[in-house]
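Grab your favourite viewer and work through the exercises below. Try each one yourself before you read the solution.

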Amino acid sequence: MNVALIIVKYGPNNPAEKIKLETATENDDVVLLQNGVYWILQDVKKYTKANVYALRDDFLARGYDESDSSVPLISYAQLVELIEKHPKSIG
């Protein structure tokens with residue numbers, strides 16, 4: 001059972017985003033969007049136990065290829081599904 005959806009939109013230089021990642025549980029889902037996709041380059045899974053996804057369009061817009069991602073890349077439609085699935089979200 002997933003407890004919360006955590007939205008990370010700022011990169012690794014933002015201490016608040018690091019706290020969100022570190023406090024997420026294995027039952028939470030994290031979505032990296034906007035500059036939050038840069039966490040992928042920092043090996044985001046070493047900061048969190050949560051399931052991590054990144055918005056495909058934001059990752060590709062920053063010049064990366066899908067093969068550069070260590071987390072599943074999702075579409076806007078899949079992001080909406082995650083939002084609808086979670087009773088709580090943290091942004």
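**Exercise 1.** Find the bridge partner of Asp29 in β3, then work out how β2 and β3 pair.

*Solution.* Keep in mind that you're looking at a predicted model.
- Start at Asp29: its bridge partner in β3 is Asn51.
- Now widen the view to the two strands. β2 and β3 are paired in the parallel sense, with four bridges between them.

**Exercise 2.** Lay out the open sheet: what is the strand order, and which strands sit at the edges?

*Solution.*
- Reading across, the five strands come in the order β4-β3-β2-β1-β5, with parallel pairing.
- The edges are β4 (73–74) and β5 (88–90), each of which pairs on one side only.
- Next, add the helix. α1, residues 15–23, lies across β1, β2 and β5, and runs at about 155 degrees to β1.

**Exercise 3.** Describe the largest nonpolar core and list what Val30 touches.

*Solution.*
- The largest core has 16 residues, and the ones with the most contacts inside it are Val8, Val30, Leu32, Val44 and Ala54.
- Which elements supply it with two or more residues? Those are β1 (4–8), β2 (29–32) and β3 (51–55).
- Zoom in on Val30. Skipping residues up to four places away in sequence, Val30 touches Ile6, Val8, Leu21, Ala24, Ala50, Asn51, Val52 and Tyr53.

**Exercise 4.** Is Val44 buried or exposed, and where along the chain does Val44 sit?

*Solution.*
- Val44 belongs to the loop between β2 and β3.
- Its relative accessible area is 0%, so Val44 is buried.
- Who's around it? Beyond its neighbours within four places in sequence, Val44 is in contact with Leu21, Leu32, Trp39, Val52 and Val71.
- As a distance check, Val44 and Leu32 are 12 residues apart along the chain, and their C-alpha atoms are separated by 9.7 Å.

**Exercise 5.** Take Leu5: why does this residue count as buried, and what does Leu5 touch?

*Solution.*
- Leu5 lies in strand β1.
- Its relative accessibility is 1%, and the cut-off for buried is under 20%, so Leu5 counts as buried.
- Not counting residues up to four places away in sequence, Leu5 touches Asp29, Val31, Leu82, Ile83, His86, Lys88, Ser89 and Ile90.
- For a longer reach along the chain, try Ala50: Leu5 and Ala50 are 45 residues apart in sequence, but 9.6 Å apart in space, C-alpha to C-alpha.

Notes. Residues are numbered from 1 along each chain as its sequence is written. This is a predicted model: local features need pLDDT of at least 70, side-chain atom pairs count only at pLDDT 80 or more; totals for chains, interfaces and linings use all residues. Side-chain values use heavy atoms; hydrogens and water are left out. A nonpolar core is a set of buried Ala, Val, Leu, Ile, Met, Phe, Trp, Tyr and Cys residues joined through side-chain atoms within 4.5 Å. Buried means under 20% relative accessible area, exposed over 50%, partly exposed in between (1.4 Å probe, protein chains only). Contact means heavy atoms within 4.5 Å. Two strands pair if DSSP finds at least two bridges between them. Axes are lines fitted to C-alpha atoms, for helices over the stretch in contact, and angles run from 0 to 180 degrees between N-to-C directions.
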